[in-house]
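Dear colleague,

I am passing on the structure below, together with some notes on what came out of going through it. Please read the notes with the coordinates open beside you.

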Amino acid sequence: MSIDTTAINREANLFADHDEVWLFGYGSLIYKADFAFLERRPARLHGWSRRFWQGSHDHRGTPARPGRVATLVADATSSCLGMAYRITPDVFTHLDHREKNGYLRHALTLDLLDGNEVEGLVYVAREDNAAWLGPDDDDAIAMQIANAVGPSGSNRDYVLALADALHALGEQDAHVSSLERRLRGTRA
Ligand code: SIN
């Protein structure tokens, strides 16, 4: 099941009075920047974990066979490395459409890896959205991902592209690595 969050995000219109906004990407927004940005810098979000708990019925799966894509869950003991983009607010028209399957814009503080702290936005799919799938064991999650394909390509490619991007950033994300090993066919 899916819900279109475009109108909710447009209505809330966070940072509408700003000329520029920092956007934090932690999933496909790290490796697929199909939007204009002024600059990008690696950044870390404290108090959140990246999890493949959100269903994808529109990009990496279908309504009949949904895939699983990344979202963030609150986790006081953890942090999430991603990419921060400095953008102009007009870019949200595209981003709201791209992230429409359950993601809401959320304001928070980002730690840029250069040492600066900035206010920014992140798209988070919360557990109360209709496309939420929630936790499962990594074998089951990897199996679902291995069998899902949507208009944006295979769900497997989404995970492996994210894993490659995190390796390039020097990041070890245990959840992503666990799925990567399973999808590449090794469990070592
Ligand atoms: C993100 O990348 O920040 C959001 C989730 C996604 O589009 O994969």
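To begin with the ligand, and bearing in mind that this is a predicted model, a polar backbone atom of serine 28 lies 2.8 Å from an oxygen atom of the ligand. Leucine 29 also takes part through its backbone, with an N or O atom 2.9 Å from a ligand oxygen, while glutamate 99 uses its side chain, a polar atom of which is 2.9 Å from an oxygen atom of the ligand. Taken alone, the ligand would expose 250 Å², and the protein buries 97% of that area.

As to where this happens, the ligand sits in the largest pocket, and the elements that contribute two or more residues to the shell around it are strand S1, residues 21-25, and helix H2, residues 28-31. The shell itself consists of Phe24, Gly25, Tyr26, Gly27, Ser28, Leu29, Ala70, Glu99, Tyr103 and Tyr158; sorted by class, it holds six nonpolar residues, three polar ones and one charged one.

A separate note concerns alanine 146, which belongs to helix H4, residues 138-146. Its relative accessible area is 45%, so alanine 146 counts as partly exposed, a class that lies between the limits of 20% and 50%. Alanine 146 and arginine 182 are separated by 36 residues in sequence, and their C-alpha atoms are 9.3 Å apart in space.

With best regards

Terms used
Residues numbered from 1 in each chain as written. Predicted model: local features only at pLDDT ≥ 70, side-chain atom pairs only at ≥ 80, totals over all residues. Heavy atoms only, no water. Near = heavy atom within 4 Å. Polar contact = N/O pair within 3.5 Å; in protein donor to acceptor, adjacent residues only side chain to side chain. Areas by Shrake-Rupley, 256 points an atom, 1.4 Å probe, with all protein chains shown as cover. 1 Å grid on protein atoms, 1.4 Å probe; cavity = no way out; pocket = protein on both sides within 12 Å on 5 of 7 lines; lining within 4 Å. Sits in = over half its atoms within 2 Å of the grid points. Helix = DSSP H or I, 4+ residues; strand = E, 2+ residues; numbered from the N terminus. Nonpolar A, V, L, I, M, F, W, Y, C, P; charged D, E, K, R; others polar. Buried < 20%, exposed > 50% of the residue type's maximum accessible area, 1.4 Å probe, protein only.
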